[in-house]
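Trainee: I am new to this structure and would like a close look at a single part of it. Could you take me through the interior slowly, one piece after another?

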Amino acid sequence: MSDKKKNIGFNIIKNDPTDGHGGFGVGSLSLDNVSPVIIDVKEQEAEVDIGAMHARSKVEKRIKFTTNREDSAGGKDYWLVWVTIDRKPEGPYYAGVTACEMVVNVEKRRGYKVLADHVNLMDKSMKRKIIVDHMDDTSKKVLADFLKSHNEAFWNASEAELHEALLSTEK
């Protein structure tokens, strides 16, 4: 047996297992209410792909990602959108929505993304932030339509900030 301590990995927990006692597991994140939505910019399609939680979405598989945009030149543009759902007295709503850029060149098996941005924007989504101003207007519309069709009640209960961010085409 090795004398090394076991590495305690990233915990994803459903409910508070500590029941407030402050022991092991305190400070662990719950990703239960976060979903990754992948938007194909060219095809103007959006879909939930849970594999993106661990950088294993359909578009990310078998692709080597770098932070050099030139490595994936000629590739297809995607948005990875972190959507966090929360509950208020009126019911559940889309609370946090943040978008991350990705470019994937399947022929070269190379892609562009900044993993730190993806992690930081997921965190901001979990903190109920709306960050989509860097998206193109067409992709914003695709996302708005997807969120509405996925659950119109969630969309209607969402803050006006989300509606304005996704539906305004004026800059």
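Mentor: Before we begin, a polar contact here is a pair of N or O atoms within 3.5 Å, where, within protein, one must be able to donate a hydrogen and the other to accept it. Please keep in mind that this is a predicted model. With that in hand, turn to Lys 113, which lies in the loop between β6 (110-112) and α1 (115-126), and whose side chain makes a polar contact of 2.6 Å with the side chain of Glu 60. Lys 113 has a relative accessible area of 8%, and because buried means under 20%, this lysine counts as buried. Leaving aside neighbours within four places in sequence, the residues in contact with Lys 113 include Phe 65, Glu 101, Met 102 and His 118.

One of these, Met 102, also belongs to a nonpolar core of 15 residues, among them Val 34, Ile 38 and Met 53, which lies apart from the largest core. In that largest core, which has 21 residues, Val 81 and Leu 143 touch the most other members, and the largest share, five residues, comes from α2. Val 81 and Leu 143 also touch each other, and further contacts of Val 81 include Val 37, Ile 39, Val 97 and Met 135.

Finally, Thr 84 is found in strand β4 (residues 76-88) and is buried, with a relative accessible area of 2%. Among the residues that Thr 84 touches are Val 34, Tyr 93, Tyr 94 and Met 126, and Val 34 is the residue named above as part of the core of 15.

How values were computed: Residues numbered from 1 in each chain as written. Predicted model: local features only at pLDDT ≥ 70, side-chain atom pairs only at ≥ 80, totals over all residues. Heavy atoms only, no water. Helix = DSSP H or I, 4+ residues; strand = E, 2+ residues; numbered from the N terminus. Buried < 20%, exposed > 50% of the residue type's maximum accessible area, 1.4 Å probe, protein only. Contact = heavy atoms within 4.5 Å. Core = buried A, V, L, I, M, F, W, Y, C linked by side-chain atoms within 4.5 Å.
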